[in-house]
Amino acid sequence: RRELLEKAIAADDLYLNKLGELESAQQRLLNAVEDYDAFLDEHLLWVRSTSPFQPDQLGAMSVQTGRVLSPAGWRQVARTIAYQATHSHVYALLAVALALLLWGRKRLIGNIRDLSDKLGKPTTDRFGYTLLALGLTAIAAAPWPLAVAVTGWQLKVSAQATDFTTAVGTALIAIAIQFYWLRLFRLICSPNGLAAAHFRWPEPSLRLLRRELDRLTWTYLPASGVMLVIVHLDPLNAGWAVGRIAFVALALSLAVAFARLLHPKRGVLAGYMRQPEWRTFKQLLRLLYPLLVVFPLALGVLALLGYLYTAGTLSVLLLDTAWFVAELVLLAALGRRWLLVGRRRVAFDAAMERRADTASHAGEEGSPSEPEEPEVDLAALSDTSLKLLHTAILFYGFFGLWLLW
């Protein structure tokens with residue numbers, strides 16, 4: 001028996017060594033794939049990756065759609081999810097986290113609205129309230145994107161995984177990130193939310209943002225999910241005709257969103273465009289507006305012409321750029337809010353000092369009444385501080401765009 005145990009231990013050691021060698025080889029393979037992908041991005045971006053779309057390919061769309069909507073495939077997805085729910089501790093933890101987040105979501109949103117009552121007055125207003133509201137908003141936006149991401153991850157790593165479940169899982173992980181960003185900015189733009197109460201963004205712009213973010217949630221995300229599932233099911237044929245049509249629908253939804261959000265007269269920046277200090281940016285937007293609307297449409301045309309790798313790579317860069325610009329806008333709003341709170345506090349302290357000096361000279365006539373807190377106009381912000389803030393955001397934006405592209 002001891003001899004057999006020694007042989008078993010020796011076999012386990014050999015097996016572990018082989019696993020280590022396999023892991024090392026797999027890591028080298030992943031590094032080679034990443035290097036090859038970077039090489040394609042740099043040198044072969046403008047090479048056609050598949051044949052152009054032909055009208056006769058529409059005849060096979062019913063078969064292709066049937067493969068995507070296969071009842072057997074989606075039953076396998078349901079069985080895999082049920083298997084992971086009963087055999088994986090991750091799903092149990094997800095269920096607990098999701099229940100806690102959904103149970104406390106209304107309370108989080110209520111706390112965000114309660115913070116708005118403390119804003120505006122120098123004695124109660126703090127920049128920390130804005131950071132707290134941002135953190136609560138980030139948590140409140142997390143439940144459903146988290147559920148989508150974990151479900152996709154479990155579909156990929158399950159012992160019951162098939163090609164279909166792996167494709168669905170990969171698509172869910174990819175769209176979960178976009179889903180979270182859409183939910184986050186939707187909550188930021190909600191009534192009495194961060195943008196309305198803390199940043200004082202105009203309500204017409206916020207209403208337009210909410211409408212377009214909701215529309216993208218119901219158009220862009222499903223089209224993106226269908227395209228990713230199809231492409232992963234048949235990467236050699238680039239997702240057949242259904243994949244290209246889904247990509248065109250995705251590009252069209254982005255183009256419509258850019259056209260409505262960035263319109264010089266009816267977009268989210270229409271109110272700012274009327275201010276004299278925005279004159280240069282207004283002229284720049286008029287030049288860039290047609291390009292920003294046409295760019296997603298051009299990606300859809302490239303996909304139909306067979307440049308699927310080009311269209312896919314540039315679409316990822318376009319989305320990363322859009323979210324990065326949104327991040328810049330959020331950082332600029334946070335910076336202006338920080339300057340405003342500091343300026344209000346300095347002005348209030350100076351007013352209290354002047355009132356105290358006045359009260360000391362008039363002490364013989366009696367004690368003065370309790371002073372009211374002075375209101376400080378937004379125009380009292382220091383021009384030098386604002387210019388420094390805008391310069392820092394501008395340099396950070398150029399550096400970030402250079403890294404992305």
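A polar contact is a pair of N or O atoms within 3.5 Å, of which, within protein, one must be able to donate a hydrogen and the other to accept it. In the predicted model described here, a contact of this kind, at 3.0 Å, joins the side chains of Arg-215 and Glu-212. Arg-215 is found in helix H9, and, when neighbours within four places in sequence are left aside, Arg-215 is in contact with Tyr-220, Ser-253, Val-256, Ala-257 and Arg-260.

One of these partners, Ser-253, has its place in helix H10. The C-alpha atoms of Arg-215 and Ser-253 are separated by 8.5 Å, although the two residues are 38 residues apart along the chain. Ser-253 has a relative accessible area of 5%, and because buried means under 20% relative accessible area, Ser-253 counts as buried. A polar atom of the Ser-253 side chain lies 2.6 Å from the backbone oxygen of Leu-250. Beyond residues up to four places away in sequence, Ser-253 touches Arg-215, Leu-216, Thr-219 and Tyr-220.

Tyr-220 also appears in the description of the nonpolar interior. The largest nonpolar core has 63 residues, and those with the most contacts inside this core are Ile-188, Phe-199, Tyr-220 and Leu-254. At least two residues of the core are supplied by each of the helices H4 (89-115), H5 (127-140), H7 (163-188), H8 (194-198), H9 (203-233), H10 (240-261), H12 (279-304) and H13 (308-361). Of these, H9 gives the most to the core, with 13 residues. A second, separate core consists of seven residues, among them Leu-328, Leu-339, Leu-386 and Leu-389. In soluble globular proteins, nonpolar side chains tend to be buried together.

Within the largest core, the contacts of Ile-188 may be listed individually: not counting residues up to four places away in sequence, Ile-188 touches Leu-134, Thr-137, Gly-193, Leu-194, Ala-195 and Leu-330. The loop between H7 and H8 contains Asn-192, which has a positive phi of about 60° although it is not a glycine. At 46% relative accessibility, Asn-192 counts as partly exposed. A positive phi of about 60° is likewise found at Arg-200, which is not a glycine either, and the place of Arg-200 is in the loop between H8 and H9. As background to these two cases, most residues other than glycine have a negative phi.

Two helix pairs involving H6 were then examined. Two packed helices are described by the angle between their axes and the distance between the axes. The axes of helix H3 (residues 71-87) and helix H6 (residues 143-157) come within 10 Å and cross at roughly 95°, and H3 and H6 are therefore roughly perpendicular to each other. In this pair, Val-77, Thr-80, Ile-81 and Gln-84 of H3 meet Thr-151, Gln-154 and Leu-155 of H6. The residues of this contact comprise three nonpolar, four polar and no charged.

The axes of H4 and H6 also come within 10 Å, but here the crossing is at roughly 170°, so that H4 and H6 are roughly antiparallel to each other. From H4, Val-90, Tyr-91, Leu-94, Leu-98, Leu-101 and Leu-102 take part, and they meet Pro-143, Trp-144, Leu-146, Ala-147, Val-150, Thr-151, Trp-153 and Gln-154 in H6. The residues of the contact of H4 with H6 divide into twelve nonpolar, two polar and no charged.

Some residues of the contact of H3 with H6 recur around Thr-165, which has its place in helix H7. Thr-165 counts as buried, at 0% relative accessibility. When residues up to four places away in sequence are not counted, Thr-165 touches Gln-76, Val-77, Thr-80 and Leu-155.

A further buried position is Val-68, found in helix H2 (residues 61-68), where a relative accessibility of 8% places Val-68 among the buried residues. Leaving aside neighbours within four places in sequence, Val-68 is in contact with Trp-74, Phe-164, Val-229, Ile-230 and Trp-240. The C-alpha atoms of Val-68 and Thr-358, by contrast, are separated by 79 Å, the two residues being 290 residues apart along the chain.

Key: Residues numbered from 1 in each chain as written. Predicted model: local features only at pLDDT ≥ 70, side-chain atom pairs only at ≥ 80, totals over all residues. Heavy atoms only, no water. Core = buried A, V, L, I, M, F, W, Y, C linked by side-chain atoms within 4.5 Å. Buried < 20%, exposed > 50% of the residue type's maximum accessible area, 1.4 Å probe, protein only. Helix = DSSP H or I, 4+ residues; strand = E, 2+ residues; numbered from the N terminus. Contact = heavy atoms within 4.5 Å. Axes fitted to C-alpha atoms, helices over the stretch in contact; angles between N-to-C directions. Parallel < 35°, antiparallel > 145°, perpendicular 65-115°, else oblique. Nonpolar A, V, L, I, M, F, W, Y, C, P; charged D, E, K, R; others polar.
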